[in-house]
Amino acid sequence: MSETAGSNNLQEEDAIEIAKLCNEASSSMNAVLLIAEDRITGDMQRIFRQEAATIMGEIYARLIRRVHDVYPDLKPDYLR
């Protein structure tokens with residue numbers, strides 16, 4: 001799949017749902033980070049923290065950012 005949006009057939013209602021689901025997934029990864037901080041130690045803590053942070057970054061970079069590129073009005077103020 002191309003890194004550029006190409007022709008846009010992403011409907012706004014679908015973009016809203018995708019952004020919502022991506023935000024929920026990021027929230028779940030944040031919960032993983034909190035568990036890693038509170039209950040896991042050593043190398044396993046580092047691994048969980050790194051992997052959860054990577055997933056959160058990928059969700060934004062590969063999905064949410066694409067939605068915002070097509071529908072900039074969906075971008076929250078804190079990202080503008």
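This report walks through a pair of helices and four residues that sit in them.

## The two helices

First things first: this is a predicted model. Let's start with helix α1, which covers residues 12-39, and helix α2, which covers residues 42-70. Two packed helices are described by the angle between their axes and the distance between the axes. Here, the axes come within 9 Å and cross at roughly 170 degrees. An angle over 145 degrees counts as roughly antiparallel, so that is the label for α1 and α2. As for handedness, their crossing is left-handed.

What kinds of residues make up the contact of α1 with α2? The split is 18 nonpolar, four polar and two charged.

## Ser26, on the α1 side

Ser26 lies in helix α1. Is it buried or exposed? With a relative accessibility of 15%, Ser26 counts as buried, because the cut-off for that word is under 20%.

Now for the company it keeps. Setting aside residues up to four places away in sequence, Ser26 touches Met56 and Ile59.

## Gln45, on the α2 side

Over in helix α2 you'll find Gln45. Gln45 is buried too, at 18% relative accessible area.

Which residues does Gln45 contact, once neighbours within four places in sequence are left out? They are Ala36, Glu37 and Ile40. With Glu37 there's a detail to look for: the side chain of Gln45 reaches the backbone oxygen of Glu37 at 3.5 Å.

## Two glutamates in α1

Glu12 is another residue of helix α1, the helix made of residues 12-39. Glu12 has 35% relative accessibility and so counts as partly exposed, the class that runs between buried (under 20%) and exposed (over 50%). Far along the sequence from Glu12 is Val70, 58 residues away, yet their C-alpha atoms are 8.8 Å apart in space. Not counting neighbours within four places in sequence, Glu12 is in contact with Tyr71, Asp73 and Leu74.

Glu24 also has its place in helix α1. How accessible is Glu24? Its relative accessible area is 39%, which means Glu24 is partly exposed. If you want a distance to check in the model, take Glu24 and Pro76: they're 52 residues apart in sequence and 15 Å apart in space, C-alpha to C-alpha.

Conventions:
Residues are numbered from 1 along each chain as its sequence is written. This is a predicted model: local features need pLDDT of at least 70, side-chain atom pairs count only at pLDDT 80 or more; totals for chains, interfaces and linings use all residues. Side-chain values use heavy atoms; hydrogens and water are left out. Axes are lines fitted to C-alpha atoms, for helices over the stretch in contact, and angles run from 0 to 180 degrees between N-to-C directions. Helices (H or I, at least four residues) and strands (E, at least two) are DSSP runs, numbered from the N terminus. Angles under 35 degrees count as roughly parallel, over 145 as roughly antiparallel, 65 to 115 as roughly perpendicular and the rest as oblique. A crossing is left-handed if the near helix is turned anticlockwise from the far one by less than a right angle, and right-handed if clockwise. Ala, Val, Leu, Ile, Met, Phe, Trp, Tyr, Cys and Pro count as nonpolar, Asp, Glu, Lys and Arg as charged, and the others, Gly among them, as polar. Buried means under 20% relative accessible area, exposed over 50%, partly exposed in between (1.4 Å probe, protein chains only). Contact means heavy atoms within 4.5 Å. A polar contact is a pair of N or O atoms within 3.5 Å; within protein, one must be able to donate a hydrogen and the other to accept it, and residues adjacent in sequence count only if both atoms are side-chain atoms.
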